[in-house]
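Hi,

Here is the structure I promised to pass on. Have a look at it first, then read my notes underneath.

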Amino acid sequence: MDFSKYSNKAKEVMANAQGLALSKGHQQFIPEHLLKSMLEDSDNYTANLIVSASGNIEVLIKELSDSLKKIPSVQTSGSPNIYFSQDM
């Protein structure tokens, strides 16, 4: 991916999502990491869009958290490697 073509906001959200995956010890970077990062963004763009479409943010966040907890974590002694999942 050529991240130089992304806006600064998109780069920030992607970096936060990658940080989330790394902090959880996940080897794969999956859409759930990106969605969680988008929902936690200080501008609340994604959350506001979901609410505007009559979505329930609380239910979404709960299901997202449950989904992320099911992903196996890996502890490494060196620098962690992370890769994009096929869905990503």
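Isoleucine 57 is a good place to start: this residue lies in helix 4 (helices here are DSSP runs of H or I with at least four residues, strands are runs of E with at least two, and both are numbered from the N terminus). At 13% relative accessibility, isoleucine 57 counts as buried; the cut-offs are under 20% relative accessible area for buried, over 50% for exposed and partly exposed in between, with a 1.4 Å probe and protein chains only. Leaving aside residues up to four places away in sequence, isoleucine 57 touches Leu39, Ala47, Ile50 and Val51, where contact means heavy atoms within 4.5 Å. Isoleucine 57 and leucine 39 are 18 residues apart in sequence, with their C-alpha atoms 8.7 Å apart in space.

Before I go on, a word on the ground rules. This is a predicted model, so local features need pLDDT of at least 70 and side-chain atom pairs count only at pLDDT 80 or more, while totals for chains, interfaces and linings use all residues. Residues are numbered from 1 along each chain as its sequence is written, and side-chain values use heavy atoms, with hydrogens and water left out.

Now helix 1. Its 16 residues should span 22 Å at 1.5 Å a residue, and the end C-alpha atoms are indeed 22 Å apart (the expected span being 1.5 Å times one less than the number of residues). Val13, Met14, Ala17, Leu20 and Ala21 are buried in this helix. Seen down the axis, the buried residues fall within an arc of 120°, so they line one face of helix 1; the arc is taken from the directions from the helix axis to the C-beta atoms. Asn8 and Ser23 are exposed on the other side. What covers the buried residues of helix 1 includes strand 1 (28-29), helix 2, helix 4 and strand 2 (83-84). After the helix comes glycine 25, with a positive phi near 75°.

How many salt bridges does a search of the whole structure find? The search finds 5, a salt bridge being a side-chain nitrogen of Lys or Arg within 4 Å of a carboxyl oxygen of Asp or Glu.

Lysine 9 is worth a click. This side chain meets glutamate 12 in a salt bridge at 3.5 Å, N to O. The two are 3 residues apart in helix 1 (residues 8-23), which puts about one helical turn between them. As a reminder, an α-helix has 3.6 residues a turn, so residues three or four places apart point the same way. Lysine 9 also forms a salt bridge with aspartate 41, at 2.9 Å, N to O. Because lysine 9 lies in helix 1 and aspartate 41 in the loop between helix 2 (31-40) and helix 3 (45-52), this pair ties together parts that are 32 residues apart in sequence. Lysine 9 is partly exposed at 24% relative accessibility, whereas aspartate 41 is buried at 8%.

Over in helix 4 (residues 57-69), lysine 62 and aspartate 66 sit 4 residues apart, about one turn of the helix. Salt bridges that share partners also join Lys9, Glu12, Asp41 and Asp43 into one network. Back to helix 4: the closest N and O atoms of lysine 62 and aspartate 66 are 2.8 Å apart in their salt bridge.

Cheers
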